[in-house]
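Got your viewer open? Load the model and keep the selection box handy.

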Amino acid sequence: MGEIDKVFSKFKSGVYVATTVLDDVKYGWTISWASKISFKPPLVMISIGKDRKEHEKFIDAEVFALNILGKNHVEMGRHFGLSSGENVNNFDGIDCIELETGCPILKESVGSLDCKIIKTFNIGDHVIFIGEVLDSV
């Protein structure tokens, strides 16, 4: 591990589940890079690796929900981390609601933001999605 990687590893980040819906199919993946970036208008960003097919679903859907997991949600994080990729049926047994965009909102999350994508950036080995928050719970 190089020096840059060692310092990068010291960043503390939360664990989130980003969800979207495309053609009535729900998708959800565990991510670790998310941040609020503006209060007015309320904007957040998520970052997904280009090597993961998930980022294409978000681009096509033009919406996402950011579900914030708490310390007691380790299994939820694993569930969406292990069942990502082509396995889109990872909502079995997961209690969800929908807000304005129709993206799955995980009822067990400590908070969720329902967003429409207003901008994407291809940066390095990731795609950054900027979302305007339309609703929250």
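Here is a short walk through a few places to select, one after another. Keep in mind that you're looking at a predicted model.

**Stop 1: Thr 20.** Select Thr 20, which sits in strand 1, residues 16-22. Its relative accessible area is 0%, so it counts as buried. Now show its side chain and look for Val 63: the backbone oxygen of Val 63 is 2.6 Å from a polar atom of the Thr 20 side chain. Bring up the other surroundings too. Beyond its neighbours within four places in sequence, Thr 20 has contacts that include Tyr 27, Trp 29, Phe 58, Phe 64 and Cys 103.

**Stop 2: Phe 58 and the core.** From Thr 20, hop over to Phe 58, one of its contacts. Leaving out residues up to four places away in sequence, Phe 58 touches Thr 20, and also Trp 29, Ile 46, Ile 117 and Phe 129, among others. Next, select Ile 31, Ile 46, Phe 58, Phe 64, Leu 66 and Phe 129 together: within the largest nonpolar core, which has 24 residues, these touch the most other members. Then colour by element of secondary structure. Strand 1, strand 2 (25-31), strand 4 (43-49), helix 2 (54-61), strand 5, strand 8 (111-123) and strand 9 (126-136) each give this core at least two residues. There is also a second, separate core of 6 residues; pick out Val 17, Leu 69, Met 76 and Phe 80, which are among them.

**Stop 3: Asn 67.** Move to strand 5 (residues 63-68) and select Asn 67. Is Asn 67 buried or exposed? It's buried, because its relative accessible area is 0%, and the cut-off for buried is under 20%. What does its side chain meet? One polar atom there lies 2.9 Å from the backbone nitrogen of Leu 106, and a polar contact of 2.7 Å links the side chains of Asn 67 and Ser 112. If you show everything Asn 67 touches, leaving out residues up to four places away in sequence, you'll find Val 15, Tyr 16, Pro 104 and Gly 111, among others. For a distance check, draw a line to Asp 92: the C-alpha atoms are 17 Å apart, with the two positions 25 residues apart in sequence numbering.

**Stop 4: Phe 11 and the surface.** Last, switch on the surface and select Phe 11, in the loop between helix 1 (3-8) and strand 1. Its relative accessibility is 62%, so Phe 11 counts as exposed. Add Ile 4 and Phe 8 to the selection: with Phe 11 they make a nonpolar surface patch of about 400 Å².

Definitions and conventions
Residues are numbered from 1 along each chain as its sequence is written. This is a predicted model: local features need pLDDT of at least 70, side-chain atom pairs count only at pLDDT 80 or more; totals for chains, interfaces and linings use all residues. Side-chain values use heavy atoms; hydrogens and water are left out. Helices (H or I, at least four residues) and strands (E, at least two) are DSSP runs, numbered from the N terminus. Buried means under 20% relative accessible area, exposed over 50%, partly exposed in between (1.4 Å probe, protein chains only). A polar contact is a pair of N or O atoms within 3.5 Å; within protein, one must be able to donate a hydrogen and the other to accept it, and residues adjacent in sequence count only if both atoms are side-chain atoms. Contact means heavy atoms within 4.5 Å. A nonpolar core is a set of buried Ala, Val, Leu, Ile, Met, Phe, Trp, Tyr and Cys residues joined through side-chain atoms within 4.5 Å. Patches are made of residues with over 30% relative accessible area and no salt bridge: like charges are joined within 9 Å, nonpolar side chains (Val, Leu, Ile, Met, Phe, Trp, Tyr) within 5 Å. Accessible areas come from the Shrake-Rupley method with a 1.4 Å probe; for residues, only the protein chains shown count as cover. A salt bridge is a side-chain nitrogen of Lys or Arg within 4 Å of a carboxyl oxygen of Asp or Glu.
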